[in-house]
Amino acid sequence: MKKILVIYYSQSGQLRTILDNILSNIKDEVAVTYAEIEMEKPFPFPWQSAHSFFDAMPESVALQPEQVKPLPQEILNTKYDLIFFGYAPWFLSPSIPATSFLKSEYAQVMKDTPVVTVIGSRNMWLNAQEQVKLMLTQIGARLVANIAFYDDNPNLVSVLSIIRWAFKGQKERSTFLPEAGVQSRDIAAADRFGTPIRNALTSNDVENLHKELLQNGSINLKPGLIILERRGIKNFRKFSAYIREHGNRGDEARKGRVKLFQRLLTVGIFILSPISNFTAWLQLQLNKKAIMKDAEYFKGLKYEEGKV
Ligand SMILES: Cc1cc2nc3c(=O)[nH]c(=O)nc-3n(C[C@H](O)[C@H](O)[C@H](O)COP(=O)(O)O)c2cc1C
């Protein structure tokens, strides 16, 4: 029997459900082992305060690892045919737990092994995936496919519903807002990816897996979001360095700078966003050919420096 290892981090359990569904049709034909990434200092969910939420930005963006709990020795001693790495973006970067795992000694279990990344995002995951591609290369793992799940509601609606989810734990729809995160119908439809995955495994040929998954709709990209994400990460990188000058996550000394970031981000999202959406649209019209080429790049697996 072929062996699959599923390494993942999910605060709400959404990503675990997605991964379960991807494998639901083939779970009797392959041996599946799950390894949840657990932090020595866990991130409580729902988030306890706006401060703790925004205080996670600098280290997410700076790819600063924290201590993860060890993976069981039995997993570390096994050679897997395929590894799934399921993660969520935080602040346009891999979540701190995802980075912490990839930078830990336990990530060696991925060395010389084909890896499929599975992303459970709001809608902005491009820079996160670029960083994950780079870390996988450093580990010596081989990225063979990517499946990206996202919330396809309008950007502002998805921001509002994710705030409700993050702070109240309510994913389900409320009077004025739809369900948060990846839509239930998209989560349920994840089982369509099982057959191509099983076929790739049984034929010992993962080379065409990504192409097959793409044909099944594994990645849908709105080109306008490429422009918005590039602008966002540029500012996040500056703010990350600025806040980190005053200490590490949780330090009292950087509270003022984190608050400033929180205020400016709120203004940027809720007040300036009609302007930035318009200028992004304009930029898209003026550079359509180049942005469409970039969209093809982001759907792929190769890494080129400086794409975001
Ligand atoms: C601190 C934080 C920052 C986030 N930043 C982003 C982001 O930059 N881009 C994005 O698409 N989603 C973002 N999200 C949403 C997550 O990627 C993810 O979809 C959601 O948190 C559910 O993940 P879970 O499976 O861990 O519960 C963020 C979530 C959190 C908690």
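## Starting at the surface: Asp112

Asp112 is exposed, because just 10 other C-beta atoms lie within 10 Å of its own and the cut-off for exposed is 12 or fewer. This is a predicted model, so read what follows with that in mind. Asp112 sits in the loop between helix 5 (96-102) and strand 6 (114-120). Arg142 is 30 residues away from Asp112 along the chain, yet their C-alpha atoms are separated by 6.6 Å.

For another loop residue, take Ser174, found between helix 7 and helix 8 (184-188). Ser174 counts as partly exposed, with 13 other C-beta atoms within 10 Å. Pair Ser174 with Ile37 and you get 137 residues of sequence and 31 Å of space, C-alpha to C-alpha.

## The overall build

Stepping back, the protein has 14 helices and 7 strands. Its radius of gyration is 19 Å, close to the 19 Å that the globule rule gives for 308 residues, so the protein is as compact as a globular protein of that length. Along the principal axes, the C-alpha trace spans about 55 × 45 × 45 Å.

As for packing, 37% of the 308 residues count as buried. Take the contacts between residues at least 6 apart in sequence: 82% of them join residues at least 24 apart.

## The nonpolar core

Which residues have the most contacts inside the largest nonpolar core? They are Ile7, Leu19, Ile83, Phe84 and Val115, in a core of 77 residues. Helix 11 (residues 223-244) gives the most to this core, with 7 residues.

Phe84 makes a handy example. Leaving aside neighbours within four places in sequence, Phe84 is in contact with Ile4, Val6, Ile7, Leu19, Val116 and Val118. Two of those partners, Ile7 and Leu19, are also on the list of residues with the most contacts inside the core.

## Around the ligand

The ligand has 21 residues around it, and the closest are Ser10, Ser12, Ala88, Ser121 and Arg122. By class, that shell holds 12 nonpolar, 8 polar and 1 charged residues.

Where do the shell residues come from? Helix 1 (14-23), strand 4 (89-90) and helix 7 (155-168) each supply at least two of them.

## Helix 6, end to end

Helix 6 covers residues 126-139, and its length can be checked with simple arithmetic. At 1.5 Å a residue, its 14 residues should span 20 Å, and the end C-alpha atoms are 20 Å apart, so the two agree. Right after helix 6 comes Gly140, with a positive phi near 90 degrees.

The buried residues of helix 6 are Leu126, Asn127, Ala128, Gln129, Glu130, Gln131, Val132, Met135 and Leu136. An α-helix has 3.6 residues a turn, so residues three or four places apart point the same way.

Within helix 6, Gln131 is worth a closer look. Gln131 is buried because 22 other C-beta atoms lie within 10 Å, and the cut-off is 20 or more. Apart from neighbours within four places in sequence, Gln131 is in contact with Leu63, Ser93 and Pro94. Ile163 is a different story: Gln131 and Ile163 are 32 residues apart in sequence and 25 Å apart in space, C-alpha to C-alpha.

## Backbone oddities

Most residues other than glycine have a negative phi, and most peptide bonds are trans. A few spots here go the other way. The peptide bond from Phe45 to Pro46 is cis, with omega near 0 degrees. Pro46 lies in the loop between strand 2 (31-36) and helix 2 (50-54).

Leu63 and Phe91 have positive phi values. For Leu63, phi is near 55 degrees, and the residue is found in the loop between helix 3 (57-61) and helix 4 (73-76). For Phe91, phi is near 50 degrees, and the residue lies in the loop between strand 4 and strand 5 (93-94).

Are these two buried or exposed? Leu63 is partly exposed, with 18 other C-beta atoms within 10 Å, whereas Phe91 is buried, with 25 other C-beta atoms within 10 Å. Leu63 also turned up earlier, as one of the contacts of Gln131.

Technical notes:
Residues numbered from 1 in each chain as written. Predicted model: local features only at pLDDT ≥ 70, side-chain atom pairs only at ≥ 80, totals over all residues. Near = placed C-beta within 6 Å. Helix = DSSP H or I, 4+ residues; strand = E, 2+ residues; numbered from the N terminus. Nonpolar A, V, L, I, M, F, W, Y, C, P; charged D, E, K, R; others polar. Expected span 1.5 Å × (residues − 1). Core = buried A, V, L, I, M, F, W, Y, C linked by C-beta atoms within 7 Å. Contact = placed C-beta atoms within 7 Å. Rg over C-alpha atoms; globule rule 2.2 N^0.38 Å.
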